[in-house]
Amino acid sequence: MTPAQQLRRDIETCELPHPMFVAHLSALKRRIDDALAGFAPKIVRVPGPSGVGKSSLIATLARDYHETRIDGRRHVPVLVVEVPQSATAKLLPQSVLRALGIQVPSRMTAGAMFDLMVMQLRLAGTRVVIFDEIAHLVDEGARVPPRAASDWLKTLADTLGMTLIFFGIPRLERLFSANEQLRRRACPARNFLPYDASDTEQMKAYVSCVTNYARLFAAAGYPIDVHPRVLTQQSYLLSGGLIGVLADFMRELASSMANEAPRAITYADCQKALEDVSHAGSPHKLAFQNSGIEDVGVELIALKQAYVHVLTSNTASVPVRKKSGDKP
């Protein structure tokens, strides 16, 4: 393996246990462990912008609670189901069955398919169902009204008696605002948000992610010859605090070295890598367009704008943080 290939392998397989990811993972594992131990089921929802790390959370949970065989029988304690676009009351149980590896005839009625789904989940010993992209149920032009979709989810929870975990963009909250009974059965939303540049502790966590990536580049013989502060600022303008976008940028930067012998990576290399990375931050201040932001006041405003743009473009509310003099 060449040094460039080793760099790409190191970057692509890097899993950053950053604080926000670890906090959500620990909380979800506690819920799953409770369900597997036979405690009362819960409905948990994790809304967050695209690129924040929801897919990485799901992949980690699926890996840690993988399918096994007990006495020769298939055992699927935690099932991950991807909700299709334009889902209906018939397509949802069909998606669950497909996740179990069971194909069903399209002529089967919605009621029969629901009953088959319940039976197969119980046969598989499933105690937790994770629905990815649940916000597809409330997409613009969705075939099922939010109230009907939330009624289906409430019925599912009541019938199965299992812990249900919903992942999706913040629009998934429409499912819960449309149905008070579903809302009462659920825990408060576990909002998975990008790192806020105006929060000192959160920005430290973001900086640590950038630093860890830079160490991997240096260890492979490709040190990033960009001042750490500038690299952090510019990558934040690109990502708006989304670690998934930061990871995508680092992967493309490593990929751009495919035909290069070990050497220092320049600011121009960073600019070139952006050609294959979607800009998530504010369009009013693009990343790597100059040599870096020098004025602290301008820097904070630009970074905050990138953060706010990520939230508002994903229909998420901007958190209101207390000032130091505010009473609790």
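**View 1. Glu-133, in the loop between strand S5 and helix H6.** In this predicted model, Glu-133 is partly exposed, with a relative accessible area of 30%. The loop that holds Glu-133 runs between S5 (128-132) and H6 (146-160). Take a look at the backbone here: phi of Glu-133 is near 60 degrees, a positive value in a residue other than glycine. For context, most residues other than glycine have a negative phi.

**View 2. Phe-288, another non-glycine residue with a positive phi.** Here phi is near 55 degrees. Phe-288 sits in the loop between helix H12 (267-273) and helix H13 (296-313). Is this loop residue buried or exposed? Phe-288 is buried, with just 1% relative accessible area.

**View 3. Helix H9, residues 200-219, from end to end.** H9 has 20 residues, and at 1.5 Å a residue they should span 28 Å; the C-alpha atoms at the two ends are 28 Å apart, so the expected and modelled spans agree. At the start of the helix, a side-chain oxygen of Asp-199 comes to within 3.1 Å of the backbone nitrogen of Glu-201. Past the other end, H9 is followed by Gly-221, with a positive phi near 95 degrees.

**View 4. The two sides of H9: which residues are buried, and which are exposed?** The buried set is Gln-202, Met-203, Ala-205, Tyr-206, Cys-209, Val-210, Tyr-213 and Phe-217. Looking down the helix axis, these buried residues fall within an arc of 165 degrees, so they line one face of H9. The general rule behind such a pattern is that an α-helix has 3.6 residues a turn, so residues three or four places apart point the same way. Over on the other side of H9, Thr-200, Glu-201, Arg-215 and Ala-219 are exposed.

**View 5. Thr-211 of H9, shown with Thr-232.** Thr-211 is partly exposed, at 31% relative accessible area. How far apart are Thr-211 and Thr-232 in sequence and in space? They are 21 residues apart along the chain, and their C-alpha atoms are 8.5 Å apart.

**View 6. Gln-233 in helix H10 and its side-chain partner.** H10 covers residues 228-239, and Gln-233 is one of them. Gln-233 is buried, with a relative accessible area of 2%. Its side chain makes a polar contact of 3.0 Å with the side chain of Glu-299.

**View 7. Glu-180 of helix H8, paired with Arg-251.** H8 takes in residues 180-185. Glu-180 is partly exposed, with a relative accessible area of 47%. Glu-180 and Arg-251 are 71 residues apart in sequence, and going from C-alpha to C-alpha you cover 43 Å.

**View 8. The largest pocket in the model, about 580 Å³ in volume.** Its lining counts 27 residues, and those closest to the pocket centre are Phe-21, Gly-53, Ser-55, Ser-56 and Gly-244. Two elements give two or more residues to this lining: helix H3 (54-64) and helix H11 (243-255). H3 has the largest share, with 6 residues. Sorted by class, the lining of the largest pocket is a mix of 11 nonpolar, 9 polar and 7 charged residues.

Note on methods. Residues are numbered from 1 along each chain as its sequence is written. This is a predicted model: local features need pLDDT of at least 70, side-chain atom pairs count only at pLDDT 80 or more; totals for chains, interfaces and linings use all residues. Side-chain values use heavy atoms; hydrogens and water are left out. On a 1 Å grid over the protein atoms alone, a cavity is a set of points where a 1.4 Å probe fits but cannot get out, and a pocket is an open set with protein on both sides within 12 Å along at least five of seven lines; lining residues have an atom within 4 Å of a point. Grid points are joined across faces, edges and corners, and a volume is the space filled by probe spheres set on the points. Helices (H or I, at least four residues) and strands (E, at least two) are DSSP runs, numbered from the N terminus. Ala, Val, Leu, Ile, Met, Phe, Trp, Tyr, Cys and Pro count as nonpolar, Asp, Glu, Lys and Arg as charged, and the others, Gly among them, as polar. The expected span of a helix is 1.5 Å times one less than its number of residues. Buried means under 20% relative accessible area, exposed over 50%, partly exposed in between (1.4 Å probe, protein chains only). The arc is that of the directions from the helix axis to the C-beta atoms. A polar contact is a pair of N or O atoms within 3.5 Å; within protein, one must be able to donate a hydrogen and the other to accept it, and residues adjacent in sequence count only if both atoms are side-chain atoms.
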